[in-house]
Each structure stands twice: as C-alpha cells, then as structure tokens.
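Good morning, and thank you for the opportunity to speak. I should like to walk through one structure, region by region, for those who have not met it before.

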Amino acid sequence: MTRAWVLGTLVGIGALSLVVSGQVPAGPSAKAIAATKIEKVKDNLYIITGSGAADMEAFSGGNTAVFITDAGVTLVDTKLAGWGPTILERVKTVTNKPITRVINTHTHGDHTGSNEFFGAAVESVVHENTKTNMARMDEFKGAKAKFLPNKTYKDRLTLGSGKDQIDLYYFGPGHTSGDTFVVFPALRTMHTGDMFAWKALPYIDPDNGGSVVQHPQTLTKVLDSVKNVDTVINGHIPISTWNDLRDFRDFNADFVAFAERSLKAGKSVDQAVKEYTVPARFKGYIANVNPQFGGPKPNLEIAYKELGRR
C-alpha cells in the first residue's frame, strides 16, 4: 500500500475506513456533512470547509473555494467522491448561478473526488503534470477518462478578467509534481491546496512527483513572485494569512536543514526521528497532524533519499 493510495482513499464514515482505490466511497457521514459549512471569505468568494486530518470521522477532503463570477461559479477542489451533492447544496445557499468551471490544485482523491459529479461539460483546469497524474488514477480510466481535465497550463494561466480574474501559477515540485496556486487578484486571496495544508509537517507524495527538499524552495518562489495577496485558503485548515505562509515556508526549510545535518552526521532515520522537535519559534505548529498524513519519519525517509542522490 503506497502513501499516495492512503491519502486518496481515506474516508470518514463513522469510523476511520480505508476504501480500496477505484471503489466508490460509501458516502459522507452525518458528522462530516455537519462539519462542512460554507463560509464567506470576501465578496463573491466562499469556502466550503474541509477538515483537518486529525478527526477522520469528520473528514470530507480539502477546502473547496467557491468563486462567483458574472459567467457562473468556479470551484477550486471537489473533496472526496460522493461529496458533489453536498457541495452543490452549499453553493445554492449563496447563489443560483450554475457551476461552470472546476480547478483542481493537485491530483489527490480528497481534492478531485467529486469532479465526475459536475460532468464533462464544465471547464476543468489543472497543471499539465496533474492531468498526467490523474490519468493514472482508476477514477479517471476507461469510460471515466472523459472526466479528465480539458484545459491545462505549464507555468501560468489567466482565466477571466477584471473582478472575475483568476491567475493560476506553478512554481515546481512540493506536495506533488503539479501543485497549482490559485489567485483571485481582485480579492487579494490565494488557494494553496495542500502545499500549505496545515501547521504541521506536510504530506509529501513522491509517487506523484512530490519533494521534501524542493517543497520550501517552491514556497520561496511563491513568496517572491506573487504580489498583493493577504489572505490564504489552505488545503484543510481555516483561513490563514500571507505571513502564515511565510512561516510555513520557514518551518519546512528548517526541517530540511535538520534532515541535512542528520544525514551528514551519519544518523539513521529512526535516530533522527527521535531527535526531531518542532522549534519553539514556530508557535502553534506540531510535527504530525495524523499518523496517516506525513510526520517526521516519512518526511525524513524521503529527504534522505533525495539528499543522498546529490
């Protein structure tokens, strides 16, 4: 069982369950539905909350952004399979406009799982690497290949204009090989997907091109290149700020430096895991949000492999 498989198929259905890849999940739990609210971020921009990975009984997948434009509604990420009806119900509480576009920040099933519900006719946009990754998923093979995204980009793509403008950016590997940063420039807001999922060590998916070592480097490019953003929609936790994103980059850069020192000192992964503690300056941070999602050991294993190839 790969770590990528686990992330794409964890579903809260009253208790933590592992759903075999390719099967349709049994559906959202009552607790998960109750926890999944629509909240205003700024004018015409909302999030349908996901969950942190700590409470798997309430797990629905990532935060879904709802951007209301003159032409219709753009969704960013669609949670797990089975969540389409709930997403649509939440959207209808704030607008009667149709959903015309879906953007996925990356390939994982807790962010792409309900794409199929919204049909093949909507505009579906991802980074080119993410489409390649999605094409390997059972959920997008065979007859379901028609639900693969119908628009991709390489480095940057602008959709719409004026108050309805959306800018998509790709800056390099991190969580996966195709992580998109979605910016709503008129609202000074950015959706990071799982490049900033929570205030803990990230889940890195090398099976889909992710990199522990390059993750903070990619975040540095974001911080240096994207301007006039003050609000951040995270992958799973509540709304954050631009300064929070900077702190998260620093937190991950500190961890990579720790991995480099430990490897140079000849320490095993297990020895390094025992020695790792979250530096006191990163208030509110923890090492591990859930044993299924990242943490010191898997991140050190990946980092050692990457650093050892240098």
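Before the first residue, one term is required: contact here means heavy atoms within 4.5 Å. Please also keep in mind throughout that this is a predicted model.

Let me begin with confidence. The mean pLDDT of the protein is 89, and 88% of its residues reach 70 or more. Over residues 1-25, by contrast, the pLDDT is below 50. That stretch nevertheless has 60 contacts in the model beyond near neighbours in sequence.

I turn now to helix H7, which spans residues 242-264 and includes Arg 249. Is Arg 249 buried or exposed? Its relative accessibility is 15%, and because the cut-off for buried is under 20%, Arg 249 counts as buried. Which residues does Arg 249 contact, once its neighbours within four places in sequence are left aside? They are Pro 216, Leu 219, Thr 220 and Leu 223.

Leu 245 lies in helix H7 too. With a relative accessible area of 0%, Leu 245 is buried. Not counting residues up to four places away in sequence, Leu 245 touches Met 190, Phe 196, Leu 219, Val 222 and Leu 223. Leu 219 and Leu 223 therefore appear in the list for Arg 249 and again in the list for Leu 245, under the contact cut-off of 4.5 Å. The helix offers some background here: an α-helix has 3.6 residues a turn, so residues three or four places apart point the same way.

Leu 245 also leads us to a neighbouring strand. Its C-alpha atom and that of Val 232 are separated by 7.7 Å, the two residues being 13 apart along the chain. Val 232 has Ser 240, in strand S15, as its bridge partner. The strands concerned, S14 (residues 231-234) and S15, pair in the antiparallel sense over 2 bridges.

These two strands belong to an open sheet of 6 strands, in the order S10-S11-S12-S13-S14-S15, with mixed pairing. Which strands stand at the edges of this sheet? They are S10 (156-159) and S15 (240-241); each has a single partner strand, so one side of each is left without a neighbour in the sheet.

Next, I should like to follow the chain through an earlier set of strands. Strand S3 (residues 38-42) runs antiparallel to S4, and 4 bridges join them. Lys 42 has Leu 45, in S4, as its bridge partner. The hairpin of S3 and S4 has 2 residues between the strands, and in it Asn 44 takes a positive phi near 65°.

Within S4 (residues 45-48), Leu 45 and Ile 47 point one way, Tyr 46 and Ile 48 point the other way, and all are buried. S4 is joined to strand S5 (residues 64-68) by 4 bridges, and these strands run antiparallel. Tyr 46 stands opposite Val 66 in S5.

From S5 we pass to S6, again an antiparallel pairing over 4 bridges. Here Phe 67 has Thr 74, in S6, as its bridge partner. This hairpin has 4 residues between the strands, and Gly 72 takes a positive phi near 150°. Both faces of S6 are covered, with Val 73 and Leu 75 buried on one side and Thr 74 and Val 76 buried on the other.

What kind of unit do S6, H3 and S7 make? They make a right-handed β-α-β unit. S6 and S7 run parallel and are joined by 4 bridges, with Val 76 opposite Ile 103 in S7.

Helix H3 itself covers residues 84-92, and its buried residues include Gly 84, Thr 86, Ile 87, Arg 90 and Val 91. Seen down the axis of H3, the buried residues fall within an arc of 165°, so they line one face of the helix. Among the elements covering them are helix H2 (30-35), S3, S4, S5, S6 and S7.

I close with the aromatic rings. A search of the whole structure finds 11 aromatic pairs. In one of them, the ring centres of Phe 117 and Phe 118 are 5.1 Å apart and the planes stand at 90°, so the pair is edge-to-face. Phe 117 is partly exposed, with a relative accessible area of 41%, whereas Phe 118 is buried at 12%. Elsewhere, ring pairs link Tyr 169, Phe 171 and Phe 181 into a cluster.

How values were computed
Residues numbered from 1 in each chain as written. Predicted model: local features only at pLDDT ≥ 70, side-chain atom pairs only at ≥ 80, totals over all residues. Heavy atoms only, no water. Buried < 20%, exposed > 50% of the residue type's maximum accessible area, 1.4 Å probe, protein only. Phe/Tyr/Trp six-rings, centres within 6.5 Å; stacked < 30°, edge-to-face > 60°. Pairing = 2+ DSSP bridges. pLDDT = per-residue confidence, 0-100. Arc of directions from axis to C-beta. Right-handed = clockwise from strand over helix to strand, strands pointing away.
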